[in-house]
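Me: I should like to go through the reasoning behind the labels attached to this structure. Please set each value against its criterion.

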Amino acid sequence: MSVVPMNLLTIAGPLEQFDAVVASCVINQEFHPENALQLMREVGGLRPFELANPYTALLRRGEEAAARAGIALSYVPFDHPPSQEEAAAFFDRLEAELDELSRRREAQLQLAGQSRSAAAQLEYLHGLSGDLAPLWDMAYVRFRYGHLPRETYDSFREALMEEEDLFFFPTDLGARRVYGVYFTTQAAH
């Protein structure tokens, strides 16, 4: 089917079917009606359509909310269209809910990232058995876990074993890093 440009076109029919015609011909289609006054300036008796659509701002708010929520929009006729005030109040509530959901999502993503990081670190403690919880609250000894570069560990291993106020227990000897737990006195820490 070929596209034929038309200069003037009259749409005539029952007013009750106007929305259906607009939905099928104008919305998301390639039919762009022009204002008749721009084409026929010399013809008298024509009154211009109201150029400002009072629902444009509400439509933009709906489009923005749908984009934030990842929802595809489509035209659906209303049984009882809301007033501009009701629609504005609806979008106020919707935007507040979307803001709250975005805030909660960011908090959950941050918590998930922290949990992944902690899980990755704890993976290197798999060589330990027993409950580590009591070790955090000792009065005279400090318990920590972490890693050293492998070169540092290899060069200081003998010195670590000779320290009287430091005990280091390797839990994972990797090619680049050595993970382990260490205990030291409160004064030495």
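The exchange below takes up a helix, a sheet and several aromatic side chains in turn.

Reply: Please note at the outset that this is a predicted model.

Me: How do you know that the length of helix α4 agrees with its number of residues?

Reply: Helix α4 comprises the 40 residues 84–123, and at 1.5 Å a residue it should span 58 Å. Its end C-alpha atoms lie 57 Å apart, which agrees with that expectation.

Me: Which residues of α4 are buried, and against what do the buried residues of this helix pack?

Reply: Ala87, Phe91 and Leu98 of α4 are buried. The buried residues of α4 pack against α3, which covers residues 56–69.

Me: What makes β1 and β3 a pair of strands?

Reply: Two strands pair if at least two bridges are found between them. Strand β1 (residues 141–149) is joined to β3 (residues 177–185) by 9 bridges, and the two run antiparallel; the criterion is therefore met. One of the bridge partnerships links Pro149 with Arg177 in β3.

Me: What makes β2 and β3 a pair, and in which direction do they run?

Reply: Strand β2 (residues 166–173) and β3 share 7 bridges and run antiparallel. With at least two bridges required, they pair by definition. Leu166 has Thr184 as its bridge partner in β3. β2 and β3 form a hairpin, with 3 residues between them.

Me: Why are β1 and β2 placed at the edges of the sheet?

Reply: The open sheet has 3 strands in the order β1-β3-β2, with antiparallel pairing. β1 and β2 each have a single partner strand, so one side of each is left without a neighbour in the sheet. From one strand to the next, the twist averages 20°.

Me: Which helix lies across β1, β2 and β3?

Reply: Helix α5 (residues 150–162) lies across these strands, running at about 145° to β2.

Me: Why is Arg144 called partly exposed?

Reply: The class lies between the limits of 20% for buried and 50% for exposed. Arg144 has a relative accessibility of 26%, so it counts as partly exposed. Arg144 lies in strand β1, and its C-alpha atom is separated by 8.6 Å from that of Gly180, 36 residues apart along the chain.

Me: How many aromatic pairs does the structure hold, and why is the pair of Tyr153 and Phe168 called tilted?

Reply: There are 3 aromatic pairs. The rings of Tyr153 and Phe168 stand 5.8 Å apart, centre to centre, with 50° between the planes. Centres within 6.5 Å make a pair, and planes neither under 30 degrees nor over 60 count as tilted; hence the label. Tyr153 lies in helix α5 and Phe168 in strand β2, so the pair ties together parts that are 15 residues apart in sequence.

Me: Why are Tyr153 and Phe168 called buried?

Reply: Buried means under 20% relative accessible area. The value is 4% for Tyr153 and 11% for Phe168, so both names apply.

Me: What makes the pair of Phe169 and Phe183 edge-to-face?

Reply: Their ring centres are 6.1 Å apart and their planes stand at 75°, so the pair is edge-to-face, the cut-off being over 60 degrees. Phe169 belongs to strand β2 and Phe183 to strand β3, so the pair ties together parts that are 14 residues apart in sequence.

Me: Are Phe169 and Phe183 buried or partly exposed?

Reply: Phe169, at 41% relative accessibility, counts as partly exposed. Phe183, at 17%, counts as buried.

Note on methods: Residues numbered from 1 in each chain as written. Predicted model: local features only at pLDDT ≥ 70, side-chain atom pairs only at ≥ 80, totals over all residues. Heavy atoms only, no water. Helix = DSSP H or I, 4+ residues; strand = E, 2+ residues; numbered from the N terminus. Expected span 1.5 Å × (residues − 1). Buried < 20%, exposed > 50% of the residue type's maximum accessible area, 1.4 Å probe, protein only. Contact = heavy atoms within 4.5 Å. Axes fitted to C-alpha atoms, helices over the stretch in contact; angles between N-to-C directions. Phe/Tyr/Trp six-rings, centres within 6.5 Å; stacked < 30°, edge-to-face > 60°.
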